[in-house]
Amino acid sequence: MAGKKNEASSNDASSDKNLQIMLHTASMLVAGKSRDLSMRQLAVLLHCSLTNVNQTVRGLAARLKISKPAITRAADRLQSEGLATRKPDPSDRRSVFIVATPKGRTYLRDVSRIMSEASSS
């Protein structure tokens, strides 16, 4: 029984540390000159930047389990901020790829740096 209590305490401590990292990161992003993205917009940008596959609206909607219009709104915001762009799918004129821009990848590197700083403190 004691082993399970220690394991639960360890999981709580890890969870608390992860939440502290998330809090620090969110606070730094909101207070700084960075764009203030929603979690949905951030998830779309992460998928577009970190996968080696071109991301379509349909594919992102399926992966994130949200509607295509929600992906379109997130992509609109990312594009207006210069963090992502749309590119036509050469094999299907009805489809477009959502692609992270260099500015979008820089934004994610900044997020990663902030998270690293928070995890080491």
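Of the 121 residues in the chain, 28% are buried in this predicted model. The accessible surface of the chain amounts to about 8,100 Å², and carbon and sulfur atoms account for 54% of that area. When contacts in the chain are restricted to pairs at least 6 apart in sequence, 50% of them link residues at least 24 apart.

The secondary structure of the chain comprises five helices and three strands. Read from the N terminus, these elements follow the order α-α-β-α-α-β-β-α.

The three strands are arranged in an open sheet with the order S1-S3-S2 and antiparallel pairing. Strands S1 and S2 (84-89) form the edges, each being paired on one side only. Helix H4 packs on this sheet through contacts with S2 and S3, and the direction of H4 makes an angle of about 120° with that of S2. The antiparallel pairing between S1 and S3 rests on two bridges. Gln55 has Ile98 of S3 as its bridge partner.

Ile98 is also among the residues with the most contacts inside the largest nonpolar core, together with Val44, Leu45, Leu78 and Tyr107. This core contains 21 residues. At least two core residues come from each of helix H2 (39-50), helix H3 (57-64), helix H4 (68-80), strand S3 (92-100) and helix H5 (102-120). In soluble globular proteins, nonpolar side chains tend to be buried together. Beyond residues up to four places away in sequence, Ile98 touches Val44, Cys48, Gln55, Val57, Leu60, Ala75, Ala84, Thr85 and Arg86. The list thus includes Val44, a residue that also ranks among those with the most contacts inside the core, as well as Gln55, the bridge partner of Ile98.

Thr56 belongs to strand S1, which spans residues 55-56. The relative accessible area of Thr56 is 18%, and the residue is therefore classed as buried, the cut-off being under 20%. Apart from neighbours within four places in sequence, the contacts of Thr56 are with Ser95, Val96 and Phe97. A polar atom of the Thr56 side chain lies 2.9 Å from the backbone nitrogen of Gly59.

How values were computed. Residues numbered from 1 in each chain as written. Predicted model: local features only at pLDDT ≥ 70, side-chain atom pairs only at ≥ 80, totals over all residues. Heavy atoms only, no water. Helix = DSSP H or I, 4+ residues; strand = E, 2+ residues; numbered from the N terminus. Buried < 20%, exposed > 50% of the residue type's maximum accessible area, 1.4 Å probe, protein only. Contact = heavy atoms within 4.5 Å. Areas by Shrake-Rupley, 256 points an atom, 1.4 Å probe, with all protein chains shown as cover. Polar contact = N/O pair within 3.5 Å; in protein donor to acceptor, adjacent residues only side chain to side chain. Core = buried A, V, L, I, M, F, W, Y, C linked by side-chain atoms within 4.5 Å. Pairing = 2+ DSSP bridges. Axes fitted to C-alpha atoms, helices over the stretch in contact; angles between N-to-C directions.
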